[in-house]
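Please open the model in a viewer, with the backbone drawn as a cartoon and side chains ready to be switched on. The stops below go through two sheets, one after the other.

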Amino acid sequence: MRSLIKGAWVLLTGLALLASSLPGMAQERKGGTQPPAADSGAKATPSAAVPVYKPPLRGAPGGRVGGGTRGTPGRDTFTLSVLAPDANALTLSEQPSLYWFISADISLPVEVTIADPNGTQPLLEKRVPTPVRRGMQRFPLADHGVKLASGIPYRWSVTVVSDPNRRSRDILASGTIERVEPPAGLGAKLQGASKANLAFLYADAGIWYDALAAISELIESSPNDAELWRHREALLTQAGLTEVARDR
Amino acid sequence: MDSLALSVLAPDHSGLTIREQPSLYWVISNPTALAVELTLTDSRATEPVLETRIPGPIRAGLHRVRLDDYGVRLEPGVSYRWYVTVIPDAGRRSKDILAGGIIERAEPTADLRDRLARARPEELASLYAEAGLWYDALAVSSELIERSPGEEGLRRQRAALLSQVGLPDARE
C-alpha cells in the first residue's frame, strides 16, 4: 500500500514524534511514556500517555486549497488540483517542475503564481498557454528562469480565471514547495542510483516533488509501463490526491 | 462588531476518521446571537451534503455537531470539506466569518480494529492518534472529558492533541 513512501512518512511526522517513530528508539521506549510506534508491534499504551498524533501524508486545506466549480447549472464543472502534499512539500532542485491537474479540457485563462512568503511581489506570475487539455500538467520552472532559494516555503497556485472582471470567481488550487539541502547520505545514494530507483530514493527521503518528477519523467519515456503508473498512483494517493491518482 | 474568533478543531490537512457518522467540533470565542451555519460538502459534488443552521443563541466555547443528528453518513475514501460560518449580515455574505477543515473516512486495518476492540477506554485516544485518525482521537478524548469533567489529566491530553495540529486549547 504505502510501498513508495512508507519510510518517508515516519520521518516526516516531525521532530516531536521522531523519537517515538524511529524503529530502534521505539524499541527502547516500549513501556515508557510514549505510545508505541504504529508498526512496532507493541501493545501497551499507558493510560497516562499523551496521545501523539501521526498525521497521515495526504491532502489538506492548509497546504492545499482544492478548487472546483460550484454548481452553476449548465456550466461545465471541473476539479483543479495542485500536485503537492500537505506537509513537507520538499524538493532538492533549484528549478523543479510543478505538476497540476485539471479534470476537463479548458479554454479559460489559467495562471500559475509562485509567492515568496517574505516578499510582496510574486516570484512568478505566468499565463499558461490555452486551451489546456484535461489531465496532468507540468510547469518546469527552468522554462521561466525562476530559481527557488533554500529554506523558503513558497506558496504556488494555479488559478482558472472564469471571469476576468470578477476575480472573486477565480477557481484556485495551491500548495507549498520548499527547497532543502539533501539529507546526509542521500547525495551519494542518488549518484549511484539507476533512473528507475530515483523515485524510491526521493520518496524514502521524503522529497515529494522530486519523487513525483522522477516517476513522471519515467512515465513520459515509457508511457506503456503499467508498473510506473501504479507507482505514481501510490505516490499521489499517499498525498491524498485520490482523484488525480485514479485518472489516466 | 466585537471581534469573534472562530475555529474548527481540524488539522490543517485532510483529517481522518473511521466513523461513518463522526462528530465535528468547533470553537467560538464569544457568545453570539448571529446566525451560524454548518456546511459539509463532498469534493466530487456541487451541492452540499449538509447545510444547516445551528440553533442559536450560541454560547462561547466548544461545540459539537453529531452527523448522526442530521442523518449524514460519510463514504469511505471521499474527502469532505466542512465549514462553520457566522453570518453577521445575511444581505452581504461576503462578510461571513468562516472556518473549515477537511474530513475523510478511512477503513481501519484489521490490526487496528483488533487493538481498538481490546483497548481500555482511556487508551483509545492514543490508539487513534498514532493511527493518524485525528477526528476519532479528538472525539474519544472529548467524550471522556464529558464523562469526567473534573479530571485534569484528560484535559491535558486533549490540549496536547490540539497543540499538535497547531490549535489552542479548547476550554469550555
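Which residue in strand 8 of chain A is the bridge partner of A:Ala115? Select A:Ala115 and look across to strand 8 of chain A, where A:Arg155 is that partner. Keep in mind throughout that this is a predicted model.

Now widen the selection to strand 5 of chain A, residues 110–115, which pairs with strand 8 of chain A in the antiparallel sense over six bridges. On strand 8 of chain A, there is a further pairing to follow, since strand 9 of chain A is also joined to strand 8, again in the antiparallel sense, over seven bridges. To find your place in that second pairing, select A:Ser157, whose bridge partner in strand 9 of chain A is A:Ser174.

Stay with strand 8 of chain A, residues 154–160, and switch on its side chains. Seven of its seven residues are buried, so the strand is largely enclosed by the rest of the structure. Both faces are covered, with A:Tyr154, A:Trp156, A:Val158 and A:Val160 buried on one side, and A:Arg155, A:Ser157 and A:Thr159 buried on the other.

Next, select strand 9 of chain A, residues 171–179, together with strand 3 of chain A; these run parallel and are joined by two bridges. One pair to pick out here is A:Thr91 with its bridge partner in strand 9 of chain A, A:Arg179. Zooming out, you can trace an open sheet of five strands in chain A, in the order 3-9-8-5-6 and with mixed pairing. Its edge strands are strand 3 (90–91) and strand 6 (122–128), each of which pairs on one side only.

Turn then to chain B, where an open sheet of five strands has the order 2-8-7-4-5, with mixed pairing. Strand 2 (15–17) and strand 5 (50–54) of chain B stand at its edges with a single partner strand each, so one side of each is left without a neighbour in the sheet. Looking along this sheet of chain B, you will find a twist that averages 25° from one strand to the next.

Within it, select strand 7 (residues 79–87) and strand 8 (residues 97–105) of chain B, which run antiparallel and are joined by eight bridges. B:Ser79 is a useful label to add, as B:Glu104 in strand 8 of chain B stands opposite this residue. Finally, add helix 3 of chain B, residues 134–147, which packs on the sheet and touches strand 2 and strand 8 of chain B. The direction of helix 3 of chain B makes about 65° with that of strand 2 of chain B.

Technical notes:
Residues numbered from 1 in each chain as written. Chains lettered and ligands numbered in written order. Predicted model: local features only at pLDDT ≥ 70, side-chain atom pairs only at ≥ 80, totals over all residues. Pairing = 2+ DSSP bridges. Helix = DSSP H or I, 4+ residues; strand = E, 2+ residues; numbered from the N terminus. Axes fitted to C-alpha atoms, helices over the stretch in contact; angles between N-to-C directions. Contact = placed C-beta atoms within 7 Å. Buried ≥ 20, exposed ≤ 12 C-beta atoms within 10 Å, placed from the backbone.
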